[in-house]
Amino acid sequence: PRRVLSGIQASGALHLGNYLGALKRFTQLQDQGAPCFLFVADLHAITVWQDPALLTAQTREIAAAYLASGLDPAKSVIFPQSAVRAHAELAWVFNCVARLGWLDRMTQFKEKSGKHKERSSVGLYTYPVLQAADILLYKATEVPTGEDQKQHLELTRDIAAKFNNDFGVPDFFPLPEPLTQGPAPRVMSLRDGSAKMSKSDPSDQSRINLTDDADAIAGKIRKSKTDMGVMPEVGEALDDRPEVRNLISIYAALSDQSKDAVTAEFAGQGFGAFKPRLADLAVSAMAPITAEMRRLMADTAEIDRVLKDGAERAAAIADPVVDEVKTIVGFWRA
Ligand code: AQP
């Protein structure tokens, strides 16, 4: 049976990349009838320092973003990762299955640790191992993520295959498929078409935050980087115009059209004509989500109910799997 699983880190403000690459995609999958398990990745969040006074609120905020984007807790299971103990338990076993050489190749660790590798947490290094546990606990068949997570998904498949092989349990963990072809699998920075839009970019102008108001969104799009040309013709190669390609992709994803349709509509026009239309579109897509997030955050009782119920439903699936793993590994069982 189909089972979709994904998560978003509880590490602060969400942006348009998270919305188009993750939230909007999850909603589409739910609406196709796929059972979705969506968690708030608080265990992952603390791989870099999180102020304990803020972490709970950030967790609720991600839950609010799930709900505000159209995820329905009657259909999808929405829960905090740390509330289901099995995630941490299986991650430990997988730490002993994964090889150092595999993790040494992970580019996200290299990017996030930068020049300060010695001072990075050990958790940041083993982050993809925890991610493998998140996915395999639910024996997920599909994992929708942005393209930035593709390498981690391959590692998950390697861990599943090695576990099945080492312990002689063929097919115990199915090999999950990455789903990276969403409305916009890789939204780029508004300031640099070669960098992904990211919450850790020091420039706030580089991204549209889910909490930005209409003026902020319009301003950021107006000032977004383009080039000396005009809007391209259909079929024109955009490899050396990454910023223009990015804006067209965003427009297409927000309006549920193909990039060719958007290109045809604006071909030959100046950016002065295109940018205000993109700004209007972004504002009208984001405003209802932002408003609903604000409503949910004003009284957190509803969010807390959803998270508690989700944690119970998730544990009902995950706990028996981790129990089986303990037996397979040979741990003493009562
Ligand atoms: N620019 C993006 N385009 C498309 N999808 C994206 N995602 C992130 N950035 C883009 C997807 O959003 C989901 C949640 O990601 P996360 O919780 O792992 O956050 P992240 O990847 O850490 O987000 P950032 O902004 O990229 O944070 P930093 O700057 O810390 O690296 C995932 O499905 C991700 O693919």
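Two strands are said to pair if DSSP finds at least two bridges between them. By that criterion, strand β2 pairs in this predicted model with strand β3 (residues 77–80), since four bridges join the two strands, which run parallel. This briefing begins with β2 and its partners, and then turns to a pair of helices, α7 and α8, and to one residue of α8, T156.

**Strand β2 and its surroundings**

- Six of the six residues of strand β2 (residues 36–41) are buried, so the strand is largely enclosed by the rest of the structure.
- The side chains of β2 are divided between two directions, with C36, L38 and V40 pointing one way and F37, F39 and A41 the other way, and all of these residues are buried.

**Pairing with strand β1**

- Strand β1 (residues 4–9) and β2 pair in the parallel sense, and six bridges connect them.
- Within this pairing, S6 has L38 of β2 as its bridge partner.
- Between the two strands the chain passes through helix α1 (residues 16–31), and this β-α-β crossover from β1 to β2 is right-handed.

**Pairing with strand β3**

- On β3, the residue I78 stands opposite L38, while F79 of β3 stands opposite F39.
- The residues of β3 also point in two directions, V77 and F79 one way and I78 and P80 the other way, and all four are buried.

**Packing of helices α7 and α8**

- Helix α7 (residues 122–137) packs against helix α8 (residues 150–166) at an angle of about 70°, and the axes of the two helices are 9 Å apart.
- Because angles of 65 to 115 degrees count as roughly perpendicular, α7 is described as roughly perpendicular to α8.
- The crossing in which α7 passes α8 is right-handed.
- On the α7 side the contact is made by P128, Q131, A132, I135 and L136, and on the α8 side by H152, L155, T156, I159 and A160.

**Residue T156 in helix α8**

- T156, which lies in helix α8, has 26 other C-beta atoms within 10 Å, and because 20 or more are enough for a residue to count as buried, T156 is buried.
- Leaving aside residues up to four places away in sequence, T156 touches Q131, A132, I135, L136 and P176.
- T156 and A98 are 58 residues apart along the chain, and their C-alpha atoms are separated by 9.3 Å.

Definitions and conventions. Residues are numbered from 1 along each chain as its sequence is written. This is a predicted model: local features need pLDDT of at least 70, side-chain atom pairs count only at pLDDT 80 or more; totals for chains, interfaces and linings use all residues. A residue is buried if 20 or more other C-beta atoms lie within 10 Å of its own, exposed if 12 or fewer, and partly exposed in between; C-beta atoms are placed from the backbone. A crossover is right-handed if, with the strands pointing away from the viewer, the path from the first strand over the helix to the second runs clockwise. Axes are lines fitted to C-alpha atoms, for helices over the stretch in contact, and angles run from 0 to 180 degrees between N-to-C directions. Angles under 35 degrees count as roughly parallel, over 145 as roughly antiparallel, 65 to 115 as roughly perpendicular and the rest as oblique. A crossing is left-handed if the near helix is turned anticlockwise from the far one by less than a right angle, and right-handed if clockwise. Two residues are in contact if their C-beta atoms, placed from the backbone, lie within 7 Å.
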